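Reader: Please show me the model and take me through how the protein meets the DNA and how one of the chains is built.

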There are 2 protein chains.
Amino acid sequence: MKEGPDIAQIGALIGDPARANMLAALTGGRALTATELAGVGGITVQTASTHLAKLEAGGLLAQRKQGRHRYFTLADEAVARLIESMMGFAAGRGHLRHQPGPKEPALRKARICYDHLAGDYGVRMLDSLIASGSIDAVGDGLALTEKGESDLKRIGINVGDLRSSRRPLCRSCLDWSERRAHLAGSLGKALLSSFLDKGWARRTAESRSINFSPEGDRQFLKLFPVDP
Amino acid sequence: MKEGPDIAQIGALIGDPARANMLAALTGGRALTATELAGVGGITVQTASTHLAKLEAGGLLAQRKQGRHRYFTLADEAVARLIESMMGFAAGRGHLRHQPGPKEPALRKARICYDHLAGDYGVRMLDSLIASGSIDAVGDGLALTEKGESDLKRIGINVGDLRSSRRPLCRSCLDWSERRAHLAGSLGKALLSSFLDKGWARRTAESRSINFSPEGDRQFLKLFPVDP
DNA sequence: GCGATGCTTCGGTTACGATCGAACTATGAA
DNA sequence: TTCATAGTTCGATCGTAACCGAAGCATCGC
């Protein structure tokens, strides 16, 4: 007994439905205000305020004041990974939400996971990068190849810039809807950003889903073909 | 809101201190009875019984009856990974236990993590295997090399046998005390088993720590040297 | 200055769940 | 059979934490 770090504290933090909803919403990567988070949690602002204070004290959230707004984000990528891994686990056990909801298909197709692409399209992209020899997959680890680096430069992504950050370039992240890996890390972020910049896709207002335009869809599927 | 799987349920399950203690104890890999688990949770058997029922209903535990005893284990390796990853996260945030306790140093040196070696010795072993070229590390993924396969055969581990199981051979598992990776997967299990079989080390009765004998210590350090 | 908006703090209510004593079932030992 | 041990179920208690209304700050626009 009393062995090791205290998982009960963070378990309890995540264990409240309102807080869990807020955290899941923040996994979308966007900074949200206390009022918005109260909305996603289905509670009043007063209650949300105390919840947010607890989450911040627990080190799960960071906030920055901007005028009279208070923007909350996940404290760092480790929190996002924890949440996503718990989602993957929960999905595997059948701990699904009561009503699947109309937005579910869109989420399964393409959604944002902290700052990179997830869902069917996210998994497909990684598969294609591996098949084309741009990324080496060893066990559950990923590494960019020289071919990959030059291929990416051709679509406007300069890997050298990304390397300067302390964050790992490639990281595999388990997708809860597909139950397979998609690409995270700074490269995952850069790829999604480029899709948005090119106008291939747009983020939706209140949801984590990512909407591809018909043209963007075509381009994406051409760039990341699935092998027959 | 209402997007994705329900993490609040499992968060709440882990969020109770008594349940968290039981889960942490079961991460030791041993099957424990309800009474033993009541002990580690610091509660009466009645209370433990209801907790265990909840954990089982939530898919975190499995039980098997044996005579008048009821043995509980973690449902599968995924649960162990979840618990360990939460421990790693908690340790990183400073969510440590109130009193470090006398057993802490032993735990940091060598302990069992589900079924493989963790702690200083676990990290050291993986480092050494990578340095000697037995294991390839790419990103955070691990893969056994041909050299590794033959080296392991020399110390009595037949990798061919391990491959037949559906479980991955090599897996990296983040160590909460060292904050670095150690070796999990079926190979990690096989290595620890061999140390125990050879008499180099023994499991302790009530704790997760692993005790190396003086001779076992010598052999282990010789087999897995650290590069200067 | 003023009101409006965003958010926090305070106080009091409420509900849920952890807890344990006691009674009950099941298995094993004598 | 009887007694002992392991565990569950029941019932009642109790504490904590989630919750919201109301009041209090802070910041913006005017």
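Author: The model is predicted, and the questions below take the DNA surface before the chain.

Reader: Which element gives the most to the surface near DNA strand D?

Author: Elements that each supply at least two residues are α4 (45–57) of chain A and, from chain B, α3 (34–41), α4 (45–57) and β3 (69–74). With four residues, the top contributor is α4(A).

Reader: How do the residues of that surface divide into nonpolar, polar and charged?

Author: Around DNA strand D there are 19 residues, and those that come nearest are A:Q46, A:H51, A:K54, B:T35 and B:S49. By class, the surface has two nonpolar, ten polar and seven charged.

Reader: What percentage of the atoms of DNA strand D within 4 Å of the protein belong to sugar or phosphate?

Author: Phosphate oxygens of DNA strand D are met by a polar side-chain atom of A:T44 at 3.1 Å and by a backbone N or O atom of B:R70 at 3.2 Å. A backbone N or O atom of B:A34 lies 3.4 Å from a phosphate oxygen of this strand. Bases make up the rest of the atoms within 4 Å, and the sugar or phosphate share is 71%.

Reader: What radius of gyration does chain A have?

Author: The C-alpha trace of chain A spans about 50 × 45 × 40 Å along its principal axes, and 49% of its 228 residues are buried. Because a compact globule of 228 residues would have a radius near 17 Å, the value for chain A agrees with that rule: 18 Å.

Key
Residues are numbered from 1 along each chain as its sequence is written. Chains are lettered from A and ligands numbered from 1 in the order in which they are written. This is a predicted model: local features need pLDDT of at least 70, side-chain atom pairs count only at pLDDT 80 or more; totals for chains, interfaces and linings use all residues. Side-chain values use heavy atoms; hydrogens and water are left out. A residue is near a molecule or strand if one of its heavy atoms lies within 4 Å of it. A polar contact is a pair of N or O atoms within 3.5 Å; within protein, one must be able to donate a hydrogen and the other to accept it, and residues adjacent in sequence count only if both atoms are side-chain atoms. Ala, Val, Leu, Ile, Met, Phe, Trp, Tyr, Cys and Pro count as nonpolar, Asp, Glu, Lys and Arg as charged, and the others, Gly among them, as polar. The radius of gyration is taken over C-alpha atoms; the globule rule is 2.2 Å times the number of residues to the power 0.38. Buried means under 20% relative accessible area, exposed over 50%, partly exposed in between (1.4 Å probe, protein chains only).
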